[in-house]
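Please look at the sequence and the structure shown below, and keep both in view as you read. The paragraphs that follow go from one helix to another and then to the ligand.

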Amino acid sequence: MLTIGFIVGSLAPDSINRKLSRVLVNHAPERVQMNEIDITELPLYDRHMDDDFPQVMSHFKDEVAAVDGLLLITPEHNQAYPAAVKNALDILTRGASSQLKGLPMGIVGASPSRFGTINSQGQLHQFLPRLGVRLMGTPVFALQVGEGTFPEDGVADESTSKRALRYMEAFATFVAVER
Ligand SMILES: Cc1cc2nc3c(=O)[nH]c(=O)nc-3n(C[C@H](O)[C@H](O)[C@H](O)COP(=O)(O)O)c2cc1C
């Protein structure tokens with residue numbers, strides 16, 4: 001059994017990226033256990049916290065250390081990845097060790113724009129490998145969300161479901177090889 005953690009990069013309760021995460025969980029192969037790793041309670045990090053590392057941040061790092069791979073499902077804010085995602089990634093690099101080193105990762109995202117979240121994803125692809133992340137390059141999954149994309153909780157239209165299935169199969173294989 002592979003354990004894949006997933007982070008939703010939006011803090012909004014009605015997040016479309018959270019909706020996408022439920023569809024991805026429902027399309028994960030049977031050999032995969034999907035665990036959400038919550039970032040909504042993380043404080044805004046800066047280096048003065050290194051001397052007295054908050055427990056909520058240590059717990060978050062432990063959760064990431066325990067998974068075989070990590071899937072980030074994130075929106076795009078002003079042509080970039082959200083501040084909450086940067087904060088979470090920064091926290092993973094601090095403390096006694098970085099959980100990003102050698103971590104197999106995938107990035108997907110949803111937005112109403114026809115480009116999906118391609119800028120947000122492109123930026124993450126630029127720097128994460130330099131932090132030691134083993135980042136899956138293809139397939140790309142940048143989803144444009146419209147009215148009919150998520151007809152019910154955990155359910156997507158046919159084209160999105162097919163992409164979710166293909167993505168999760170590819171990511172599970174990637175994690176099994178890279179972990
Ligand atoms: C501050 C802010 C900036 C945004 N900038 C972009 C953007 O650059 N590109 C884009 O596709 N969508 C942008 N959006 C729209 C988001 O894609 C949209 O709000 C989406 O629902 C966010 O995902 P979420 O529902 O998972 O939070 C922006 C939204 C916010 C709040």
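In this predicted model, the residues of helix 5 that are buried are T160, R163, A164, Y167, M168, F171, A172 and V175. Around the axis they cover an arc of only 160°, which puts them on the same side of helix 5. To see how such a pattern can arise, recall that an α-helix has 3.6 residues a turn, so residues three or four places apart point the same way. The face of helix 5 that is turned away from the buried side carries E158, S159, K162 and V177, which are exposed. The helix itself runs over residues 158-178, and from its first C-alpha to its last it reaches 30 Å, close to the 30 Å expected for its 21 residues at 1.5 Å a residue. Its buried residues pack against several elements, among them helix 1 (16-26), strand 1 (2-8) and strand 4 (104-111).

Helix 3, which spans residues 83-93, can be read in a similar manner: here A84, V85, A88, L89, I91 and L92 are buried. When you look down the axis of helix 3, these buried residues fall within an arc of 155°, so they line one face of the helix. Their cover includes strand 1, strand 3 and helix 2 (55-65). Just after helix 3, the chain comes to G95, which takes a positive phi of about 80°.

Turn now to the ligand, which has 13 residues around it, of which S10, S15, P75, S111 and S113 come nearest. If you sort the residues of this shell by character, you find 8 polar, 4 nonpolar and 1 charged.

Methods. Residues are numbered from 1 along each chain as its sequence is written. This is a predicted model: local features need pLDDT of at least 70, side-chain atom pairs count only at pLDDT 80 or more; totals for chains, interfaces and linings use all residues. A residue is near a molecule or strand if its C-beta atom, placed from the backbone, lies within 6 Å of it. Ala, Val, Leu, Ile, Met, Phe, Trp, Tyr, Cys and Pro count as nonpolar, Asp, Glu, Lys and Arg as charged, and the others, Gly among them, as polar. Helices (H or I, at least four residues) and strands (E, at least two) are DSSP runs, numbered from the N terminus. The expected span of a helix is 1.5 Å times one less than its number of residues. A residue is buried if 20 or more other C-beta atoms lie within 10 Å of its own, exposed if 12 or fewer, and partly exposed in between; C-beta atoms are placed from the backbone. The arc is that of the directions from the helix axis to the C-beta atoms. Two residues are in contact if their C-beta atoms, placed from the backbone, lie within 7 Å.
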